[in-house]
Amino acid sequence: MKIHEVGPKQGSRRARKRVGRGRSSGHGKTSCRGENGAKSRSGYSRKGGFEGGQMPLVRRIPKRGFKNPFRTNWAEVNLDQLARFDTGSTVDPELLASTGLIKGRYDKVVVMGRGELGVALNIKVHRFTSSAAMKITEAGGTAEVLG
């Protein structure tokens with residue numbers, strides 16, 4: 001046996017449906033597309049949200065208010081949540097996300113001043129409240145603002 005003699009198992013591959021080749025083929029005239037309508041035309045592709053001519057859901061529901069596309073989503077972390085880390089460790093948004101302190105969609109991280117911080121940490125986030133920055137430096141840590 002040679003590589004050019006190898007083929008698929010008998011009956012495992014079906015011949016493609018050849019449409020539009022006359023009435024005797026069984027797939028002539030309308031080429032298995034039915035009679036009328038958009039689906040019978042060439043180049044048809046149904047748009048997303050199309051509901052068969054019924055008013056689509058996105059147009060039926062009333063629109064209210066304003067959605068700011070440039071909004072910044074802040075993930076908030078309090079000082080009492082940061083007490084779980086070891087002294088001298090560097091806390092950044094990646095570490096906070098991996099430990100589950102921040103979840104979901106966020107653009108930037110802010111540290112808030114609730115609670116006390118008993119360990120000296122090097123914290124690198126996008127913003128600190130004034131009370132949080134003061135408590136971090138009092139505990140012997142550093143508060144670095146990310147660009």
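Strand 2 and strand 4 pair in the parallel sense over two bridges, where helices (H or I, at least four residues) and strands (E, at least two) are DSSP runs numbered from the N terminus, and two strands are said to pair if DSSP finds at least two bridges between them. This is a predicted model, in which local features need pLDDT of at least 70 and side-chain atom pairs count only at pLDDT 80 or more, while totals for chains, interfaces and linings use all residues. Residues are numbered from 1 along each chain as its sequence is written, and side-chain values use heavy atoms, with hydrogens and water left out.

Within the pairing of strand 2 with strand 4, the bridge partner of Thr90 is Asn122, and Asn122 in turn has Thr142 of strand 6 as a bridge partner. Strand 4 and strand 6 also run parallel and are joined by four bridges, with Lys124 standing opposite Glu144 of strand 6. Together these strands form an open sheet of three strands in the order 2-4-6, with parallel pairing. Strand 2 (90–91) and strand 6 (142–145) stand at the edges and have a single partner strand each, so one side of each is left without a neighbour in the sheet.

In a regular strand the side chains alternate between the two faces of the sheet. Strand 4 shows this alternation, for Ile123 and Val125 point to one face and are buried, whereas Asn122 and Lys124 point to the other face and are not; here buried means under 20% relative accessible area, exposed means over 50%, and partly exposed lies in between (1.4 Å probe, protein chains only).

Ile123 leads on to the nonpolar core. Such a core is a set of buried Ala, Val, Leu, Ile, Met, Phe, Trp, Tyr and Cys residues joined through side-chain atoms within 4.5 Å. The largest one holds 19 residues, of which Leu82, Leu96, Val111, Leu121 and Ile123 touch the most other members. At least two residues of this core come from each of strand 1 (74–78), helix 2 (79–82), strand 3 (108–112), strand 4 (122–125) and helix 4 (130–138). For Val111, setting aside residues up to four places away in sequence, the residues touched include Val77, Leu79, Leu82, Ile123, Val125, Phe128, Ala132 and Ile136, a contact being heavy atoms within 4.5 Å.

Asn78 lies in strand 1 and, at 14% relative accessibility, counts as buried. Apart from its neighbours within four places in sequence, Asn78 is in contact with Met112, Gly113 and Arg114.

Arg114 also takes part in one of the three salt bridges that the structure holds, a salt bridge being a side-chain nitrogen of Lys or Arg within 4 Å of a carboxyl oxygen of Asp or Glu. The partner of Arg114 is Asp80, and the closest N and O atoms of this pair are 3.0 Å apart. Asp80 lies in helix 2 and Arg114 in the loop between strand 3 and strand 4, so the pair ties together parts that are 34 residues apart in sequence. Both residues are partly exposed, Asp80 with a relative accessible area of 36% and Arg114 with 48%.

Another salt bridge brings together the side chains of Glu116 and Lys135 (3.8 Å, N to O). Glu116 lies in the loop between strand 3 and strand 4 and Lys135 in helix 4, so this pair ties together parts that are 19 residues apart in sequence. Glu116 is exposed, with a relative accessible area of 59%, whereas Lys135 is buried, with 18%. There is also a salt bridge between the side chains of Arg60 and Glu51 (3.1 Å, N to O), in which Arg60 counts as partly exposed at 41% relative accessibility and Glu51 counts as partly exposed at 30%.

As for the whole chain, its secondary structure comes to four helices and six strands, which run α-β-α-β-α-β-β-β-α-β from the N terminus on. The C-alpha trace of the protein chain spans about 90 × 60 × 25 Å along its principal axes. The radius of gyration of the protein chain is 32 Å, whereas a compact globule of 147 residues would have one near 15 Å; the radius is taken over C-alpha atoms, and the globule rule is 2.2 Å times the number of residues to the power 0.38. Buried residues make up 20% of the 147 residues in the protein chain.
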